[in-house]
Amino acid sequence: MRIDIITCVPAMFSGTIDQSILKRAGDKGIAQIHVHDLRDYAINKHNQIDDYAFGGGAGMVLMIEPIDKCISQLKSERKYDEIIYMSPDGEKLSQSISNELSLNENIILLCGHYKGIDERVREHLITREISIGDYVLTGGELAAAVVADSVIRLLPGVMNDETSALTDSFQDDLIAPPVYTRPAEYNNWKVPAVLTSGHQAKIDAWRFDQQVERTKAKRPDLLKDSELED
């Protein structure tokens, strides 16, 4: 997989894409993340990439020409499955969306800034818009990093234990069960006996029951469309 990120503040990714899972994916040659500085496609010697909005109003807007030039350059080099704009009014990121995106080969993530981007970019160049929540960030960079991480960790070979990602929260519309490690007793706080029983079928049943109960208590909204609601 290749993910190209277009941003006007590329330094925000310097401590993210070269750490942990994302670094491992790059080292293994499974996924590549390329960050593109939108100012490299600026329209004049002043490196201008934003301008005032037609009709007035507070704040600046990212201009159409630098974005179009950058996307056109990338599209001339390869075919992209999705060109995604990180937007607070996009579809909310979910595990199912991350699963879907992980099947793609090439993705562009466009980070908005200031008051957003020229609407014509959204109308003619963007194939999808994604939000990570109902709140506003300074720009789309943090959201793009979240999307990249949530997608790349699903790729075969990235994680040492490939089954780990399949048992994460939300993979089956349930949140994860509680987990424990050694020692089995600490400060008189004990690990549930079933987990040290060695009986895998009982352990699996206990974990599933815990998933259902925790989801009912913490995230009942996840069960609305589930057969488990009753």
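**Exercise 1. Work out whether Glu 91 counts as buried, partly exposed or exposed in this predicted model.**

Solution. Start with the number: Glu 91 has a relative accessibility of 34%. Next, bring in the cut-offs: buried means under 20%, exposed means over 50%, and partly exposed is what lies in between. The value for Glu 91 falls in that middle range, so this residue counts as partly exposed.

**Exercise 2. Place Glu 91 in the fold and find its contacts.**

Solution. First, the element: Glu 91 sits in strand E5. Now skip the neighbours within four places in sequence and see what is left: Glu 91 touches Ile 97, Arg 128, Glu 129, Ile 130 and Ser 131. Strand E7 covers residues 128-131, so you can look for those last four contacts there. Finally, try a distance: Ala 143 is 52 residues away from Glu 91 along the chain, and their C-alpha atoms are 13 Å apart.

**Exercise 3. Describe Tyr 135 and the patch it helps to make.**

Solution. Begin with its place: Tyr 135 is in the loop that runs between strand E7 (128-131) and helix H5 (141-152). Then check its exposure: a relative accessibility of 44% makes Tyr 135 partly exposed. Last, look at its partners: together with Met 12, Leu 137 and Leu 142, Tyr 135 makes a nonpolar surface patch of about 370 Å².

**Exercise 4. Explain which way the buried residues of helix H2 face, and what they pack against.**

Solution. Get the helix straight first: H2 takes in residues 64-75, 12 residues in total, and spans 16 Å from first C-alpha to last, close to the expected 16 Å. Now pick out the buried residues, which are Pro 66, Ile 67, Cys 70, Ile 71 and Leu 74. Looking down the axis of H2, you find them within an arc of 125°, so they line one face of the helix. Here's the general rule behind that kind of spacing: an α-helix has 3.6 residues a turn, so residues three or four places apart point the same way. To finish, list what the buried residues of H2 pack against: strands E1 (2-7), E2 (32-37), E4 (60-62), E5 (82-92) and E6 (106-111), plus helix H4 (119-124).

**Exercise 5. Sum up the whole protein chain.**

Solution. Count the elements: there are six helices and nine strands. Then take the extent: the C-alpha atoms fill a box of roughly 70 × 40 × 35 Å along the principal axes. Of the 230 residues, 41% count as buried. As for the surface, about 13500 Å² is accessible, and carbon and sulfur atoms account for 49% of that.

Definitions and conventions:
Residues are numbered from 1 along each chain as its sequence is written. This is a predicted model: local features need pLDDT of at least 70, side-chain atom pairs count only at pLDDT 80 or more; totals for chains, interfaces and linings use all residues. Side-chain values use heavy atoms; hydrogens and water are left out. Helices (H or I, at least four residues) and strands (E, at least two) are DSSP runs, numbered from the N terminus. The expected span of a helix is 1.5 Å times one less than its number of residues. Buried means under 20% relative accessible area, exposed over 50%, partly exposed in between (1.4 Å probe, protein chains only). The arc is that of the directions from the helix axis to the C-beta atoms. Contact means heavy atoms within 4.5 Å. Patches are made of residues with over 30% relative accessible area and no salt bridge: like charges are joined within 9 Å, nonpolar side chains (Val, Leu, Ile, Met, Phe, Trp, Tyr) within 5 Å. Accessible areas come from the Shrake-Rupley method with a 1.4 Å probe; for residues, only the protein chains shown count as cover. A salt bridge is a side-chain nitrogen of Lys or Arg within 4 Å of a carboxyl oxygen of Asp or Glu.
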